[in-house]
2 protein chains.
Amino acid sequence: MKSIIIASTSTLHEGSYLEYLLPTLQSHFKDCKSILFIPYARPSGISHEDYTRKVSEAFASINISVKGIHEFEDAGDAIKNAKGIFTGGGNTFLLVTQLYKHNVMQILAETVKNGTPYLGTSAGSNICSLSMQTTNDMPIIYPPSFQTLGLIPFNLNPHYLDPDTQSKHMGETRETRIKEFHAFNAIPVLGLREGSWLEVKGNKITLKGNLSARLFLQNETPQELKTESDLSALK
Amino acid sequence: MKSIIIASTSTLHEGSYLEYLLPTLQSHFKDCKSILFIPYARPSGISHEDYTRKVSEAFASINISVKGIHEFEDAGDAIKNAKGIFTGGGNTFLLVTQLYKHNVMQILAETVKNGTPYLGTSAGSNICSLSMQTTNDMPIIYPPSFQTLGLIPFNLNPHYLDPDTQSKHMGETRETRIKEFHAFNAIPVLGLREGSWLEVKGNKITLKGNLSARLFLQNETPQELKTESDLSALK
């Protein structure tokens with residue numbers, strides 16, 4: 001049975017890394033003494049080693065040890081044998097490129113579908129979607145495909161940001177960008193604000209956290225979904 | 001001799017479409033009674049026809065008529081025969097996909113290098129770079145390559161936005177995203193604020209408009225370049 005936490009962000013303003021999620025993670029990873037960390041997204045270009053160290057420090061507070069996928073000889077075996085898996089944020093183009101390069105995109109999807117508890121934040125959440133096509137990230141590297149894990153039957157926009165009505169900036173709002181996506185794609189897009197996450201238990205998908213989320217359907221006016229909404233029927 | 005205007009944005013806050021650039025365009029396109037418009041980037045998913053109509057209205061005020069590339073049977077011939085060319089903003093992934101699909105990426109580069117006056121705004125400016133890898137746009141479609149026209153020997157980030165020090169948002173700043181690009185690429189990136197443009201005359205590249213621009217070099221502290229800076233040596 002799938003058991004997945006898909007978080008908009010790892011860190012809230014004035015909070016420390018993963019802090020707001022720790023109570024949830026303690027229960028999510030309750031059967032794990034150690035988890036596998038996938039640091040491929042490298043936020044700000046941080047090394048795999050430094051990123052894994054940062055994650056280890058956060059998980060130490062709930063008595064879970066962390067090993068980076070780069071420490072294993074075979075990335076596919078590391079995923080198959082993991083008790084729990086966390087993919088951190090950073091650049092989604094880089095993350096997806098690395099998952100394909102190491103031939104683990106499909107293995108990761110199958111492993112999580114078979115029940116290994118998974119946590120994604122930001123880029124690590126984007127890849128739970130059908131495709132990475134609603135990421136906010138810069139295309140710093142050319143991935144072999146935009147298709148991702150498909151753990152949920154729709155797309156996500158993490159770090160969803162409402163239009164700033166005071167802004168004089170003329171660059172596209174997030175809502176405009178998603179509208180452009182829907183000119184070519186019929187997939188629903190869920191704008192997940194910082195502090196929100198999805199809990200996936202088997203086929204049940206529930207919106208968690210204190211905030212509402214913004215749902216974009218092709219050719220429809222966007223709608224606000226309250227926390228605890230059941231998204232299982234969305235596709 | 002190359003004659004190119006590469007603008008951060010088509011529109012300033014509280015201005016109308018292309019308004020702030022019209023005096024510059026009047027002189028830039030002084031030998032053109034009509035120009036070719038490339039509407040492929042389709043902002044907000046607008047149709048080629050509607051986008052071309054909007055551009056025609058703006059150019060009418062300086063007595064230049066506009067024809068959209070989609071109105072021609074052969075896109076390559078349309079480019080080769082054009083007296084002047086304008087590529088408008090929108091989604092860079094879509095624009096690049098369409099330029100490759102219509103087999104005109106190379107023809108457009110050669111035509112502009114041979115002296116046909118060119119104007120780009122936003123996405124139409126991004127493609128003047130070596131690659132589209134420092135765009136802000138969403139990857140709504142998978143282009144066959146990220147390589148672009150290479151009319152200038154560096155990359156651009158149009159609509160460059162300074163970090164908002166009041167923001168509680170934890171998504172990456174523009175500067176962080178460019179830093180991630182530089183973890184894998186040595187190409188200089190020029191952050192071009194809204195209201196700035198580059199004027200390219202032959203091999204001379206000059207920063208225009210009232211604002212400074214922010215230059216990012218790999219492994220160096222970003223620097224501010226004053227308006228009228230000569231960027232000809234940048235590569």
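## Ser10(B) and its surroundings

Let's start with Ser10(B), which sits in the loop that links strand S1 (3-7) to H1 of chain B. Keep in mind that this is a predicted model. Is Ser10(B) buried or exposed? Its relative accessibility is 14%, and buried means under 20%, so Ser10(B) counts as buried.

As for company, Ser10(B) touches Tyr17(B), Leu18(B), Tyr20(B) and Thr121(B), once residues up to four places away in sequence are set aside. There is also a polar contact between the side chains of Ser10(B) and Thr11(B), at 2.8 Å. On a longer sequence scale, Ser10(B) and Gly124(B) are separated by 114 residues along the chain, yet their C-alpha atoms are 9.8 Å apart in space.

## Ser122(B), another loop serine

Ser122(B) is in the loop between strand S5 (118-121) and helix H6 (123-126) of chain B. With a relative accessibility of 9%, Ser122(B) is buried.

Which residues does Ser122(B) contact, leaving aside its neighbours within four places in sequence? The list is Ala7(B), Ser8(B), Thr9(B), Gly89(B), Pro158(B) and His159(B).

## Pro23(B) on helix H1

Now for a residue on the outside. Pro23(B) belongs to helix H1 of chain B, which covers residues 22-28. Its relative accessible area is 57%, and the exposed class begins over 50%, so Pro23(B) is exposed.

Pro23(B) can be paired with Ile62(B): the two are 39 residues apart in sequence, with a C-alpha to C-alpha distance of 8.6 Å.

## Where chain B meets chain A

On to the interface. Here 48 residues of chain B are in contact with 47 residues of chain A. The area buried between the two chains comes to about 3900 Å², and carbon and sulfur atoms give 62% of that. Which residues of chain B lose the most area to chain A? They are Met138(B), Ile140(B) and Tyr142(B), together making up 18% of what the chain B side buries.

For the polar side of things, 22 residue pairs are in polar contact between chain B and chain A, counting pairs with both residues at pLDDT 80 or more. The helices of chain B that give two or more residues to the side touching chain A are H4 (92-101) and H7 (174-182). H7(B) provides the largest share of that side, 7 residues. Sorted by class, the side of chain B that touches chain A holds 20 nonpolar, 19 polar and 9 charged residues.

How many salt bridges does the rule find across the interface? The count is 2. Asp137(B) forms a salt bridge with Arg177(A), and the closest N and O atoms there are 3.3 Å apart.

## Cysteines without partners

Over all chains, the number of disulfides is 0. Take Cys128(A): the nearest cysteine sulfur belongs to Cys32(A) and is 16 Å away. A disulfide needs the sulfur atoms within 2.5 Å, so Cys128(A) is in no disulfide. Cys128(A) is also buried, at a relative accessible area of 0%.

In chain B, Cys128(B) is in no disulfide either, and its nearest cysteine sulfur, from Cys32(B), is 16 Å off. Cys128(B) counts as buried too, with 0% relative accessibility.

Conventions
Residues numbered from 1 in each chain as written. Chains lettered and ligands numbered in written order. Predicted model: local features only at pLDDT ≥ 70, side-chain atom pairs only at ≥ 80, totals over all residues. Heavy atoms only, no water. Helix = DSSP H or I, 4+ residues; strand = E, 2+ residues; numbered from the N terminus. Buried < 20%, exposed > 50% of the residue type's maximum accessible area, 1.4 Å probe, protein only. Contact = heavy atoms within 4.5 Å. Buried area = accessible area lost by both parts, 1.4 Å probe. Salt bridge = Lys/Arg side-chain N within 4 Å of Asp/Glu carboxyl O. Polar contact = N/O pair within 3.5 Å; in protein donor to acceptor, adjacent residues only side chain to side chain. Nonpolar A, V, L, I, M, F, W, Y, C, P; charged D, E, K, R; others polar.
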